[in-house]
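Reader: Please take a close look at the metal sites in this model. I would like one connected account of what holds each metal and what surrounds it.

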Amino acid sequence: MVDVPLGSAGVVAAPDVEDVELYHPHSWVTKYVFSQDAKVIAIQYSFVALSVGLIALVLSWLMRLQLGFPGVFSFIDANAYYQFITMHGMMMVVYVLTALFLGGFGNYLIPLMVGARDMVFPYVNMLSFWVYFLAVLILVASFFIPGGPTGAGWTLYPPQAITTGTPGGQDWGIILMLMSLMVFIIGFTMGGLNYVVTVLQARARGMTLMRMPLTVWGIFTASFMALLAFPALFVGAVMMLFDRVLGTSFFMPAMVEMGQPLDRNGGSPLLFQHLFWFFGHPEVYIVALPAFGIVSDLISTHARRNIFGYRMMVWALLAIGALSFIVWAHHMYVSGMNPYFGFFFATTTLIIAVPTAIKVYNWILTLWRGDIHLNVPMLFALAFIVTFVNGGLTGLFLGNVVVDVPLSDTMFVVAHFHMVMGVAPILVIFGAIYHWYPKVTGRMLNDALGKLHFWVTFLGAYAIFFPMHYLGLMGIPRRYHDIADMAFVPPSAHTLNAFITIVALIVGAAQLAFVFNLFWSLRHGRNSGGNPWRATTLEWQTPETPPPHGNWGNDLPVVYRWAYDYSVPGADQDFLPQNQPGPSRAAPGAGHG
Amino acid sequence: MAVALILVLVAVGSVVFHLVSPWWWTPIASNWRYIDNTIIITFWITGAVFVAVILFMAYCVYRFRHQAGRQAHYEPENKRLEWWLTIVTGVGVAAMLAPGLFVWQQFITVPDDATDIEVFGQQWQWSFRLPGPDGQLATSDTRLISPDNPLGLNRDDPKSHDDVVIEGGELHLPVNRPIKALLRSPDVLHNFYVPEMRAKMDLVPGQISYIWFTPTRTGTFEILCAELCGVGHPQMRGKVIVQEESEYQAWLQEKVATSFARLTPDTRNGAVVPD
Ligand code: HEM
Ligand SMILES: [Cu+2]
Ligand SMILES: [Cu+2]
């Protein structure tokens, strides 16, 4: 075993920047509505994102009802079905997960974890939320317009997305979707710049980069990636909007529409796919990296053990972030692009499996020889590992170009991405909410309800999506409103579909227990005190809980050690807060700052 | 304790499900057995990793659960172990990628003796075009599409005279002869997918994509559209009928004959043979 060099304990550089004067709200409205406090903004983001999540959940019920009991619910016709999958997919990926991880957790945790008083640009931060809220309103409005929302699939592939055969294609649906995305990206950019600059510029004295908790690393890397990836979607959306509204031909070749020739020429449908996936693949990791970071901290805290291989974890995060920009066309193996691209993208895609696997090893090696407290957040973290490993491994099927050929566009894909970027990150979000709720409210969430919520959600989600792979392997395509009279589909597959639907309804219902818990515990939860999990990171060391505006009282914290001094031999308690002076046995930052 | 047990059950249960589930791929009907083999290799490797990771986790949860007096081991890094794991992972990944790329090379290299056919997908039906006696397909253009010429054939191209067009119907293919399907769409994206052939490729308006395969057993197989193409997407079905060479030739002769007859000036539908 190679020991990590000893840190220059106790020696902390003088501050580069003097403590800043904060903006002070003068009225209820500026304090809670148009607030510039990152913590309030975080709660606003989380509340809106979770509400959108509930809408998307209800949509998933409706889709599952149709798939499990085809024809029973006559209002779910093909039109409605495609609108539901599109809105469900887009909402979940962009408006729920991205917003929740970056806007919600990013806003709450970054300033607190790096020891800052607030984000560096509080006003822009406030705008970011309200622009996001506007994007949500535009999106939801499309349920109420003539023709309804777009049914183009969340990938919005043209020409289909803007032609008559698709719900909302020649109505307002697609226009509102594109506008909403553009507004979202504008809002995100304001927030994203904040998250990145705050991490780079506003860290407390002594908080070197290599002392930061992995949560901050994850959110930071994801924000940086999002700033690079979203512009591709933005230009794609602008071009498609022009095609739809002004009659340009960016993505429209010479074509007919319902037998009639259209006055378009020379555009490339594949161009949109490249733009979309140049955003879309990094997007998967924009959702995954914050989850990676958070789950690392949950595991370490609740196993009372330092995260194993911290430096490797940071480098793996960065490697995944960088590599994820050169794998996008693995979504396009059967798109009709030049087939020789397959060699390159299959290779890069499988290479990315290596840093990802390293992360998994280090999580379970953190459990090894730990002192594992099976609290609710820890349970969610364990469940995350199960679902993430499962979904990550099926990614090796789909990434390996030739294996993707029979599986692409089947229910195998649906099962895979739900496991890896639906269920896994959501489990982390739940774990994180159980973990940080006490800091946000000063009260604990109810444990019994939490365990109920956990078991139903974890086992239920696994039962929904694990068998689904086999339906795809059999050849059932995704985005099929109806799989009746397919010669190769045995009746047992319909039984399985009905089973999946029933489990999906149960899992959905279990979320109500969670929502109830959130509100109930606000008043009736056990008092948590400032640091109920006895954790090391700075957010647990605030003088008051919930932390007030400005977070730290008079003096900013000073950081003496990395985030993972758990169970240090010889210490008188099993955790040493980052701001506790004294020698740190391991300060991996020493050589690397 | 219960947690560790449930984790074990999840791992074991997944394997048992895999082994006993009645849901599995359709019996293959093409030369792409290699693809199936690569999937099997991938199942073995990933399955082993999955079980190992979950069981190890279950072991940790059981062995290192919190008990009075337990203290976690403080060990920030273990470079040797980390490098070993990285290398082993790299080897495992390479063991899946190498056969994958090898088969992909075959998948995209069309044999010289493959017969060109055209698969034409439009909202929401499949049409096909087979070369007549000359063995060659005529050029075509979306802008030539009209009620008389639903596939937009270039009538000035002499090769067009014997092309057999089958609109909205069944694709007949001879068994054991390699086929190169040229894929063409006049409107939106579609995807030509025959589960038994393990073959799948998008049809992209504005360009011609291709896919090749050799049907290896006779029978009727379903063609599905596997790329969302509007509300009619799930109804966009067709059939491939794979026949013995002799039956196929008989069928083709008949089509060619009617096709020629149709080309005489007084026919309204050009080369169209309603199925
Ligand atoms: C228990 C929870 C969920 C259930 C039951 C569920 C169910 C479904 C169903 C039935 C479909 C349509 C499948 C098809 O016909 O192709 C679908 C699509 C999708 N879901 Fe979920 N889902 C859930 C959660 C999530 C989450 C958390 C995410 C976040 C990533 C997500 C993202 C998507 C996406 C991106 C699509 C694809 C939409 C498209 O094909 O355009 N889902 N889901
Ligand atoms: Cu991807
Ligand atoms: Cu289609």
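Author: A residue is called buried when its relative accessible area is under 20%, exposed when that area is over 50%, and partly exposed in between. By that cut-off His330(A), at 12% relative accessibility, is buried. The relative accessible area of His331(A) is 31%, so His331(A) is partly exposed. The model is a predicted one, and these values are computed from it.

Those two histidines belong to the site of the copper ion (ligand 2). Its protein donors are His281(A), through ND1, and His330(A) and His331(A), each through NE2. They lie 1.6 to 2.0 Å from the metal. Along the sequence the donor residues follow the spacing H-x48-H-H.

The copper ion (ligand 3) is bound in chain B. His190(B) coordinates it through ND1, Cys225(B) and Cys229(B) through SG, and Met236(B) through SD, at 2.1 to 2.5 Å. The spacing of these donors along the chain is H-x34-C-x3-C-x6-M. The angles among the four donor atoms run from 87 to 123 degrees, and the site is tetrahedral. For comparison, the ideal angle for four tetrahedral donors is 109.5 degrees. Of the donor residues, Cys229(B) and Met236(B) are buried.

The strand β6(B) covers residues 190-194, and the donor His190(B) falls within that range. β6(B) runs antiparallel to β7(B), and five bridges join the two. Together they form a hairpin with four residues between the strands. Arg198(B), in the turn, has a positive phi of about 60 degrees. Where the strands pair, Val194(B) stands opposite Ala199(B) of β7(B). β7(B) spans residues 199-203, and five of its five residues are buried, so this strand is largely enclosed by the rest of the structure.

The iron atom of ligand 1 is held in chain A. Its protein donors are NE2 of His88(A) and NE2 of His418(A), at 1.9 to 2.0 Å. His88(A) belongs to helix α3(A) and His418(A) to helix α12(A), so the pair ties together parts that are 330 residues apart in sequence. The iron atom has six donor atoms in an octahedral arrangement, with angles of 88 to 179 degrees. The ideal values for six octahedral donors are 90 or 180 degrees. Both His88(A) and His418(A) are buried.

The surroundings of ligand 1 can be taken next. There are 22 residues around ligand 1, and those that come nearest are Tyr81(A), His88(A), Trp154(A), His418(A) and Arg479(A). By class, 13 residues of the shell are nonpolar, six are polar and three are charged. The helices α2 (38-68), α3 (78-114) and α12 (411-441) of chain A each supply at least two shell residues. The largest share, seven residues, comes from α3(A).

Some of the polar contacts can be given atom by atom. A polar side-chain atom of Tyr81(A) is 2.5 Å from an oxygen atom of ligand 1. Trp154(A) places a polar backbone atom 2.7 Å from an oxygen atom of ligand 1. His88(A) has a side-chain N or O atom 2.8 Å from a nitrogen atom of ligand 1, while its NE2 is a donor to the iron atom.

Conventions. Residues numbered from 1 in each chain as written. Chains lettered and ligands numbered in written order. Predicted model: local features only at pLDDT ≥ 70, side-chain atom pairs only at ≥ 80, totals over all residues. Heavy atoms only, no water. Near = heavy atom within 4 Å. Polar contact = N/O pair within 3.5 Å; in protein donor to acceptor, adjacent residues only side chain to side chain. Nonpolar A, V, L, I, M, F, W, Y, C, P; charged D, E, K, R; others polar. Donors = N, O, S within 2.8 Å, 3.2 Å for Na, K, Ca; no water. Tetrahedral: all angles 85-135°; square planar, octahedral: opposite > 155°, others 65-115°. Buried < 20%, exposed > 50% of the residue type's maximum accessible area, 1.4 Å probe, protein only. Pairing = 2+ DSSP bridges.
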